[in-house]
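Work through the following exercises with the sequence and the coordinates open. Each task is followed by a stepwise solution.

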Amino acid sequence: MFAVALIFFREVLEAALVIGILAAATTGLPGRTRWILTGVGAGLAGAVITALFAERLASAAEGMGQELFNAGVLFTAVLMLGWHTVWMSRHGKELAKEAGALAKSVAGGTRPIYALAVAVGLAVLREGAEIVLFLNGMLAGGSTDVPSALTGAVAGTVVGGLAGYAVFRGLKLVPTKQLFAATSGLIALLAAGMAARGMAYLNQAGYLSSLSDVAWDSSRLISDHSLTGQALAALIGYTAAPMESQVMAYAGTVAVLLLASWLLGRRDRSGAGKGPQMALAVGLAVGLSALATPDAEAGFKVYSPYVEHGEWELEFRGNRSVDDDPGKDDGRSFLYEIGYSPLARWHTAVFLEAEGEPGESNSLTEIAWENIVQLTEPGQYWLDVGAYVEYAKGLDRDDEHKLEWKILLEKDFGKFVTTVNPAFEQAFADGPTDGVEFGYAWGTYYRLMPVFEPGFEAYGELGEVADIKDGDEQEHFIGPVARGTFLLGGTQKLKYNVGYLVGLTEDAPDGAAKFELEYEWRF
Amino acid sequence: MPVQNSIRRLLVISLLALPLSLPTVAQAEQAPIELSIKDHRFEPAEFKVPANTKVKLIVKNLDPTPEEFESYELKREKVIPGGASVTLFIGPLKPGVYPFFGEFNQATAQGRVIVE
């Protein structure tokens with residue numbers, strides 16, 4: 001009974017969320033209730049028809065009919081939701097100001113309202129069809145019987161419906177400007193979740209098997225089968241172990257919707273764009289993580305000695321090694337960080353590092369706390385100086401921890417900026433393991449424009465200070481990079497840094513592709 | 001061997017400390033320029049500085065809310081709490097016009113530095 005309730009809860013919640021979000025975002029639009037209810041009715045009718053034809057669909061296309069049908073339904077819904085999001089970003093601001101007057105002036109908006117009905121109809125159809133399929137399977141397989149299934153169905157529908165209505169009401173209480181921003185963001189994520197689900201169905205139907213490797217597995221954190229997991233699945237399309245194609249579809253949908261809103265919508269800095277753009281940062285980060293593959297190697301990041309008081313940041317970075325030797329190729333490491341600058345000259349952050357050795361899957365290896373202190377006023381002295389201190393604790397091996405400290409130096413020469421970080425590291429495992437190790441990071445960039453600064457970076461590890469390694473045993477990299485900052489509106493920024501580093505020594509891998517993505521904001 | 005390693009360590013450390021011991025660049029000293037922020041506007045919104053000179057800016061925020069002095073061209077970003085005063089250094093700059101703005105109130109807080 002609980003399983004049936006859970007299925008109904010999840011499916012009804014998903015449908016209710018789609019309906020609730022679209023209804024909230026179109027408050028004040030005349031006829032929207034009528035169109036939405038039309039969509040619900042059509043969807044329910046379609047679900048019943050689907051149920052009646054379920055067997056015929058399954059036997060078509062060698063037993064892959066259902067999957068292709070579901071994938072088709074999902075991708076159509078993504079397109080419809082996408083159209084709605086873009087339309088909303090274009091007209092959302094006017095709606096917020098004069099709902100009544102605008103409602104008349106969007107006579108030309110009949111098409112978008114029609115899209116609402118289609119999106120709602122398809123959502124209800126899919127959920128309904130899934131419920132039918134699940135029920136069929138459970139009843140036929142004997143894991144439930146009709147009476148308990150009915151109880152579960154009612155319970156699940158009621159709770160799912162209430163939850164969806166709560167979101168609807170909750171959204172209604174938010175000021176309309178933020179409402180459109182928030183709903184656009186949620187819709188982008190809903191659409192992205194649907195695109196990811198579509199990929200799963202395509203995969204079941206036998207397509208895109210080259211992208212079917214699992215990108216990561218977070219079931220230890222939030223399992224697909226837990227209530228939290230089910231709720232997140234409905235809200236943002238959470239899957240604990242997504243395939244690469246799913247991650248790319250998710251990130252791609254978010255990126256495309258955001259790009260479309262940004263290009264076709266109104267760019268205003270009142271913060272109305274916050275929702276979609278946050279979803280972009282999340283989506284990009286999520287998408288890149290599927291493509292990221294690093295060497296089990298410290299991060300390739302050059303730090304500047306500056307702190308921005310009051311700023312929050314989310315950072316995601318990683319790298320992947322490239323080498324002819326399969327024992328050195330496809331080593332991955334990436335890092336998830338959140339930071340804040342509580343003082344004008346102090347920045348603090350916590351991050352998690354995950355690594356995948358060549359041939360192995362990714363696992364969380366380290367949790368760390370880093371601090372940056374700005375020591376000089378920029379431009380006051382010949383060099384700008386800062387200090388970096390980090391304490392890290394190993395997660396997969398016992399008792400391993402390390403202390404890392406760096407000197408952050410930066411200097412401008414006209415439009416060229418050079419940043420150097422001499423770095424020291426001391427590892428511990430019940431007492432110091434080896435001596436203090438020395439390395440460096442170097443970056444020179446040309447300040448062409450805020451969104452694009454080309455340059456090069458170099459990194460190296462020389463071994464212990466007391467016993468520097470021979471040349472070939474040291475690791476040195478150098479290569480071109482591009483970095484930049486996108487202004488997202490308000491005080492939000494999205495910074496990126498991508499590059500390819502060539503390994504210079506015998507011990508270093510032939511190359512490493514690296515990327516950094518950082519989202520900054522203030523409250 | 002141990003002596004050589006100690007010398008090497010000393011050398012590394014002193015090389016790293018060297019930049020800090022260098023005196024600040026001797027340039028023709030320029031009187032500090034005072035800027036204030038009032039009603040989310042810079043006053044003066046435009047001012048001149050000589051080329052190739054390091055200049056000290058004292059920015060006083062007369063508004064109760066914080067502002068951030070920011071400029072891509074000048075490569076500076078600094079938060080000025082409401083009612084507070086901060087010091088910034090710009091230059092040496094080549095001749096030209098360098099815009100700056102208040103990041104929290106971009107609609108009104110705009111300014112330019114004219115370097116001649």
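**Exercise 1. State what share of chain B is buried, and describe its secondary structure.**

Solution. Chain B has 116 residues, and 25% of them count as buried. The model is a predicted one. Next, list the elements: chain B holds 1 helix and 9 strands. Read from the N terminus, their order is α-β-β-β-β-β-β-β-β-β. Finally, take the contacts in chain B with a separation of 6 or more: 60% of them join residues 24 or more positions apart.

**Exercise 2. Give the strand order of the open 5-stranded sheet in chain B and identify its edges.**

Solution. Step one is the order, which is β3-β9-β8-β5-β6 (chain B), with mixed pairing. Step two is the edges: β3 (46–49) and β6 (76–80) of chain B each pair on one side only. Step three is the geometry; from one strand to the next, the twist averages 20 degrees.

For a single pair, take β5 (residues 67–71) and β8 (residues 96–102) of chain B, which run antiparallel and share 2 bridges. Within this part of the sheet, B:F69 lies opposite B:G102 in β8(B).

**Exercise 3. Classify A:F316 and A:E377 as buried, partly exposed or exposed.**

Solution. Start with A:F316, a residue of strand β1 (residues 312–322) of chain A. A:F316 has 22 C-beta neighbours inside 10 Å, and is therefore buried, since the cut-off is 20 or more. Its C-alpha is 5.7 Å from that of A:L335, although the two are 19 residues apart in sequence.

Now take A:E377, which sits in the loop between β4 (363–374) and β5 (384–394) of chain A. Here 15 other C-beta atoms lie within 10 Å, so A:E377 is partly exposed. In sequence A:E377 is 71 residues from A:Y306, while their C-alpha atoms are 8.9 Å apart. Leaving out residues up to four places away in sequence, A:E377 touches B:T87 and B:F89.

**Exercise 4. Find the residues that touch the most other members of the largest nonpolar core, and say which helix supplies its largest share.**

Solution. The largest nonpolar core has 25 residues, and those touching the most other members are A:A192, A:A195, A:Y250 and A:V254. Sort the core by element: α3 (65–97), α7 (176–204) and α9 (244–264) of chain A each contribute at least two residues. The largest share is that of α7(A), with 11 residues. A second core, separate from this one, has 24 residues, among them A:F8, A:L13, A:A47 and A:A123.

Notes:
Residues are numbered from 1 along each chain as its sequence is written. Chains are lettered from A and ligands numbered from 1 in the order in which they are written. This is a predicted model: local features need pLDDT of at least 70, side-chain atom pairs count only at pLDDT 80 or more; totals for chains, interfaces and linings use all residues. A nonpolar core is a set of buried Ala, Val, Leu, Ile, Met, Phe, Trp, Tyr and Cys residues joined through C-beta atoms within 7 Å. A residue is buried if 20 or more other C-beta atoms lie within 10 Å of its own, exposed if 12 or fewer, and partly exposed in between; C-beta atoms are placed from the backbone. Helices (H or I, at least four residues) and strands (E, at least two) are DSSP runs, numbered from the N terminus. Two residues are in contact if their C-beta atoms, placed from the backbone, lie within 7 Å. Two strands pair if DSSP finds at least two bridges between them. Axes are lines fitted to C-alpha atoms, for helices over the stretch in contact, and angles run from 0 to 180 degrees between N-to-C directions.
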